[in-house]
2 protein chains.
Amino acid sequence: MKRTYGPLCVLLSILVVREARADEPLPSWNDGAAKQAIVDFVKLVTTPDSPGFVPEPERIATFDNDGTLWAEQPLYFQLIFALDRVKALAPKHPEWKEKEPFKSVLAGDMKAVLEGGERALMELLMATHAGMTPEEFNKIVKDWLATAKHPRFDKPFTQCVYQPMLELLAYLRANGFKTYIVSGGGVEFMRAFADKVYGVPPEQVIGSSIKTKWEIRDGKPLILRLPEIEFIDDKTGKPIAIERIIGRRPIASFGNSDGDLEMLQWTSAGAASRLCLLVHHTDGKREWAYDRDSKIGRLDKALDAAKASAWTVVSMKDDWNRIFAFEGE
Amino acid sequence: MKRTYGPLCVLLSILVVREARADEPLPSWNDGAAKQAIVDFVKLVTTPDSPGFVPEPERIATFDNDGTLWAEQPLYFQLIFALDRVKALAPKHPEWKEKEPFKSVLAGDMKAVLEGGERALMELLMATHAGMTPEEFNKIVKDWLATAKHPRFDKPFTQCVYQPMLELLAYLRANGFKTYIVSGGGVEFMRAFADKVYGVPPEQVIGSSIKTKWEIRDGKPLILRLPEIEFIDDKTGKPIAIERIIGRRPIASFGNSDGDLEMLQWTSAGAASRLCLLVHHTDGKREWAYDRDSKIGRLDKALDAAKASAWTVVSMKDDWNRIFAFEGE
């Protein structure tokens with residue numbers, strides 16, 4: 001009898017486990033206050049005829065990208081892209097050999113590059129992000145993402161995304177939320193992968209932008225990216241862009257740094273049913289541990305605000321049983 | 001027997017008529033080249049495994065508003081709103097009695113106001129559109145729309161919308177399109193009615209904007225509208241805003257004036273499956289007849305481009321059997 005029913009039992013137990021997993025939308029989240037806050041919030045806004053109910057069109061959730069959806073160390077990935085582009089474009093720019101900050105980039109002297117401050121970084125960004133159409137830029141970013149590897153993990157950058165946040169995005173969408181990215185990163189840079197990696201379509205990506213101009217060339221219209229900042233989607237820029245582009249106040253916002261403070265304040269001051277969440281980088285082993293003193297992704301004022309306003313703070317070390325999908329490979 | 005089956009026959013005939021109507025998504029459109037072009041295009045992009053098929057997420061349709069979705073004569077409705085606001089705010093601004101262009105507005109001398117040119121109009125717009133939060137502005141517009149009447153039709157402005165275009169919006173959405181408004185009108189002005197009147201939610205309304213600033217007042221964050229132009233969503237501004245905000249090229253665009261030319265050119269130069277359509281105001285009896293020489297809604301270069309590029313041109317007189325829902329009341 002045992003041998004006869006054995007395969008059936010295996011099949012049944014597989015089915016039971018699969019069902020349990022389907023019921024568990026956040027498998028990479030440990031049970032705890034953070035996960036509970038998310039599940040409670042979703043239940044609150046989706047329960048019809050309850051006081052906390054929010055109609056589907058108003059379920060807007062906004063996510064920061066760098067440090068919230070994917071890693072941002074040892075440098076913002078878009079900056080690594082810019083450095084790689086300088087190297088790729090160097091043969092066409094012999095003058096860069098003698099000109100800072102390009103000279104230091106080509107010499108691999110990142111310390112000198114960073115000493116140039118914001119002006120140097122802006123110069124690198126403009127030299128590598130402008131002078132082409134958005135379609136051409138999109139292809140350049142995609143080609144880079146297809147081959148470049150993260151210096152620590154030796155994985156494509158699009159794999160250095162947080163598995164628990166992917167689950168959260170999917171969970172919110174399954175509950176009628178429209179998920180937006182609202183990031184200081186370049187809007188066209190993020191559009192090159194946001195749909196495929198996060199399931200966030202181009203029209204739901206909000207970011208910093210450079211100016212563009214319209215041109216008719218050989219009878220064909222084109223839009224050209226110009227080396228001039230149009231909008232910085234950081235700090236107060238985030239709620240301002242949300243109001244201008246979405247025109248609704250989010251009921252859920254997710255960030256990880258002081259650059260996200262105003263977006264969370266804006267969400268927090270809205271309707272009674274709301275969720276404000278900060279990802280706190282506390283896992284120096286599996287990822288990085290940094291907050292108040294970090295140059296990249298500094299989390300200081302926003303951490304104080306989270307405590308004062310009882311926002312949800314996620315400890316990556318304690319709340320996430322898996323950070324990256326490639327862990328344990 | 002007749003009397004017995006009579007009610008059943010009536011019921012059956014009602015059902016048959018209802019079914020016929022459900023099959024006919026554009027009842028206010030006369031049969032003809034324009035209607036055929038729309039129906040053919042929708043069939044082309046929605047037929048799976050056909051060469052013209054377009055996946056649902058890429059079915060982006062962009063509509064101009066003034067003169068395309070609602071009337072724009074004798075003045076843009078937003079300008080009529082601004083004039084009404086000057087009158088409403090006048091008691092708080094005694095200095096306006098002696099100051100142009102306000103003096104002429106209060107004296108009802110529109111000719112003198114228009115002689116002040118763009119500078120005068122901009123001054124009126126800034127005095128009436130800035131100095132409050134977007135929520136407050138939204139309420140002001142809604143209150144105005146609830147009571148103000150169109151000078152010719154004596155109907156609320158939100159009823160001066162083109163019935164055939166409402167049917168077209170619904171028809172496209174029923175076929176998986178995402179419908180956007182891309183208008184020179186103010187984005188927050190249009191958001192006050194676009195959802196209710198057109199079924200276009202706030203996040204799918206793109207328009208001109210004024211600058212805003214972030215402020216914490218009494219511990220509460222707010223966004224304040226400033227009397228300074230940020231972006232004019234007209235002419236080349238339209239494709240530029242489409243690229244920046246939507247990040248996809250529309251496959252269908254609808255306009256009525258030279259301000260829409262570049263949006264239609266941008267759509268026209270895209271994928272093989274596309275529809276570019278101009279509403280031509282040819283019905284002086286039911287609406288207005290104007291094109292090349294009109295100060296408002298001038299249609300000149302775009303009409304030439306439509307002929308050269310074989311875009312669809314709708315004659316309101318010949319192609320629409322009903323312009324406004326209130327016709328024949």
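**Contacts, rings and a helix in a predicted two-chain model**

User: How many residues does each chain put into the contact between chain A and chain B?

Analyst: The contact takes 35 residues from chain A and 35 residues from chain B, where contact means heavy atoms within 4.5 Å. This is a predicted model, in which local features need pLDDT of at least 70 and side-chain atom pairs count only at pLDDT 80 or more, while totals for chains, interfaces and linings use all residues. Residues are numbered from 1 along each chain as its sequence is written, chains are lettered from A in the order in which they are written, and side-chain values use heavy atoms, with hydrogens and water left out.

User: What area do chain A and chain B bury between them?

Analyst: About 3000 Å², with 56% of it on carbon and sulfur atoms; buried area is the accessible area (1.4 Å probe) that two parts lose on being put together, summed over both. On the chain A side, A:Glu203, A:Trp214 and A:Arg244 lose the most area to chain B, together 23% of what that side buries.

User: What makes B:Glu203 and A:Lys178 a salt bridge?

Analyst: The term requires a side-chain nitrogen of Lys or Arg within 4 Å of a carboxyl oxygen of Asp or Glu. Here the closest N and O atoms are 2.9 Å apart, so the pair meets the definition. Between chain A and chain B the count is eight salt bridges.

User: Why is the pair B:Trp144 and B:Phe157 called stacked?

Analyst: Rings of Phe, Tyr and Trp (its six-membered ring) pair if their centres lie within 6.5 Å; planes under 30 degrees apart count as stacked, over 60 as edge-to-face and the rest as tilted. For B:Trp144 and B:Phe157 the centres are 4.9 Å apart and the planes at 15°, so the pair is stacked. Both residues are buried, that is, under 20% relative accessible area (exposed is over 50%, partly exposed in between; 1.4 Å probe, protein chains only).

User: What makes A:Arg225 a charge over the ring of A:Phe137?

Analyst: CZ of Arg or NZ of Lys must be within 6 Å of the ring centre and within 35 degrees of the ring normal. The charged end of A:Arg225 sits over the ring of A:Phe137, 4.1 Å from its centre.

User: How do you know that the span of helix 3 of chain A agrees with expectation?

Analyst: Helices (H or I, at least four residues) are DSSP runs, numbered from the N terminus, and the expected span is 1.5 Å times one less than the number of residues. The 13 residues of helix 3 (residues 77-89) should span 18 Å, and the end C-alpha atoms are 18 Å apart, which agrees. Ten of the 13 residues are buried, so helix 3 of chain A is largely enclosed by the rest of the structure.

How values were computed: Helix = DSSP H or I, 4+ residues; strand = E, 2+ residues; numbered from the N terminus.
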